[in-house]
Amino acid sequence: MKRIIFVFISILFFLGATKGVYAQEKQFRTSVAVRYDVSESGDVEVNYGITLENLVSSLYAKSFTLRLSGIEPESLAAWQGGRELTTSQNRVDDKNTEVVVHFEDAVVGGGARREFSVSYRDRGIMTKTGEVWEATIPK
């Protein structure tokens with residue numbers, strides 16, 4: 001009988017000691033449209049049109065990070081409403097580069113949107129094989 005009580009108390013203790021699992025509320029919604037402009041020399045101008053929407057009223061984004069895989073961006077620039085935004089890029093590892101766009105102002109409130117663009121040039125997307133241009137579009 002003591003053993004049954006001990007097992008029962010142990011089970012109650014372990015059930016009470018486990019932490020609850022909670023899903024984190026989504027804080028932002030991101031929409032992205034990407035345009036690739038290819039020159040005759042094979043250079044590609046990549047332009048991301050990004051909309052960042054606040055889903056909660058208590059937070060706002062101070063920056064936005066775009067992770068590029070297998071790309072070495074050149075001539076990096078970001079714009080919002082005709083103003084150039086400050087950017088930085090950081091090589092994470094052999095394949096990945098992070099582009100960070102820093103926002104100067106706060107867009108506050110649930111449903112508030114920030115629309116901006118990020119552009120760069122990449123020489124590695126197009127490869128010419130004989131007379132044929134082959135495109136390697138990153139994910």
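**Exercise 1. Strand 4 and its partners**

Task: In this predicted model, state which strands pair with strand 4, and by how many bridges.

Solution.
- Start with strand 7. Strand 4 (residues 74-80) runs antiparallel to strand 7, and four bridges join the two.
- Pick a pair as a check. Ala77 stands opposite Ser119 in strand 7.
- Turn to strand 5. Three bridges join strand 4 to strand 5, again in the antiparallel sense.
- Pick a pair here too. Gln80 has Arg83 of strand 5 as its bridge partner.
- Look at the connection. Strand 4 and strand 5 form a hairpin with two residues between the strands. Gly81 in this hairpin takes a positive phi near 55°.

**Exercise 2. A backbone angle in strand 4**

Task: Find what sign the phi of Ser75 has, and decide whether the residue is buried, partly exposed or exposed.

Solution.
- Locate the residue. Ser75 lies in strand 4.
- Read the angle. Its phi is positive, about 55°, although Ser75 is not a glycine.
- Set this against the background. Most residues other than glycine have a negative phi.
- Now the accessibility. Ser75 has a relative accessibility of 47%. The buried class ends at 20% and the exposed class begins over 50%. Ser75 therefore counts as partly exposed.

**Exercise 3. The order of the sheet**

Task: Write down the strand order of the seven-stranded open sheet, then identify which strands stand at its edges.

Solution.
- Recall how a sheet is held. Strands pair through backbone hydrogen bonds, either parallel or antiparallel.
- Give the order. The open sheet reads 1-2-7-4-5-6-3, and its pairing is antiparallel.
- Find the edges. Strand 1 (28-38) and strand 3 each have a single partner strand, so one side of each is left without a neighbour in the sheet.
- Add the twist. From one strand to the next, it averages 25°.
- Check the strand 1 edge. Strand 1 and strand 2 pair antiparallel over 11 bridges. Arg35 stands opposite Asn47 of strand 2.
- Check the strand 3 edge. Strand 3 (residues 63-69) pairs with strand 6 over seven antiparallel bridges. Ser69 has Asn96 of strand 6 as its bridge partner.

**Exercise 4. Strand 6 and Val100**

Task: Work out how many residues of strand 6 are buried, then describe the surroundings of Val100.

Solution.
- Take the strand as a whole. Strand 6 spans residues 96-102 and is mostly covered, with five of its seven residues buried.
- Name the other pairing. Besides its bridges to strand 3, strand 6 is joined to strand 5 (residues 83-91) by six bridges, and this pair is antiparallel.
- Give an example. Thr87 and Val101 are bridge partners.
- Note the link. Strand 5 and strand 6 form a hairpin with four residues between them.
- Zoom in. Val100 lies in strand 6. Its relative accessible area is 15%, and the cut-off for buried is under 20%, so Val100 is buried.
- List the contacts. Beyond neighbours within four places in sequence, Val100 touches Ser63, Phe64, Thr65, Thr86, Thr87 and Ser88.
- Add a distance. Val100 and Thr87 are 13 residues apart along the chain, yet their C-alpha atoms are separated by 5.5 Å.

**Exercise 5. The cavity**

Task: Count the cavities of 30 Å³ or more, then sort the lining of the largest cavity by residue class.

Solution.
- Recall the probe idea. Rolling a probe the size of a water molecule over the atoms shows where empty space is left.
- Count. There is one cavity of 30 Å³ or more.
- Give the volume. The largest cavity holds about 40 Å³ of space.
- List the lining. The residues are Leu52, Asn54, Tyr60, Ala61, Val107, Arg113 and Arg114.
- Assign elements. Strand 2 (44-54) and strand 7 (113-122) are the elements that give two or more residues to this lining.
- Sort by class. Four lining residues are nonpolar, one is polar and two are charged.

**Exercise 6. The whole chain**

Task: Summarise the secondary structure, the burial and the contact range of the protein chain.

Solution.
- Count elements. The chain has one helix and nine strands.
- Read them in sequence. The pattern is α-β-β-β-β-β-β-β-β-β.
- State the burial. Of the 139 residues, 29% are buried.
- Take the contacts with a separation of 6 or more. Residues 24 or more positions apart account for 61% of them.

Terms used: Residues numbered from 1 in each chain as written. Predicted model: local features only at pLDDT ≥ 70, side-chain atom pairs only at ≥ 80, totals over all residues. Heavy atoms only, no water. 1 Å grid on protein atoms, 1.4 Å probe; cavity = no way out; pocket = protein on both sides within 12 Å on 5 of 7 lines; lining within 4 Å. Points joined across faces, edges and corners; volume = space filled by probe spheres on them. Nonpolar A, V, L, I, M, F, W, Y, C, P; charged D, E, K, R; others polar. Buried < 20%, exposed > 50% of the residue type's maximum accessible area, 1.4 Å probe, protein only. Pairing = 2+ DSSP bridges. Axes fitted to C-alpha atoms, helices over the stretch in contact; angles between N-to-C directions. Contact = heavy atoms within 4.5 Å.
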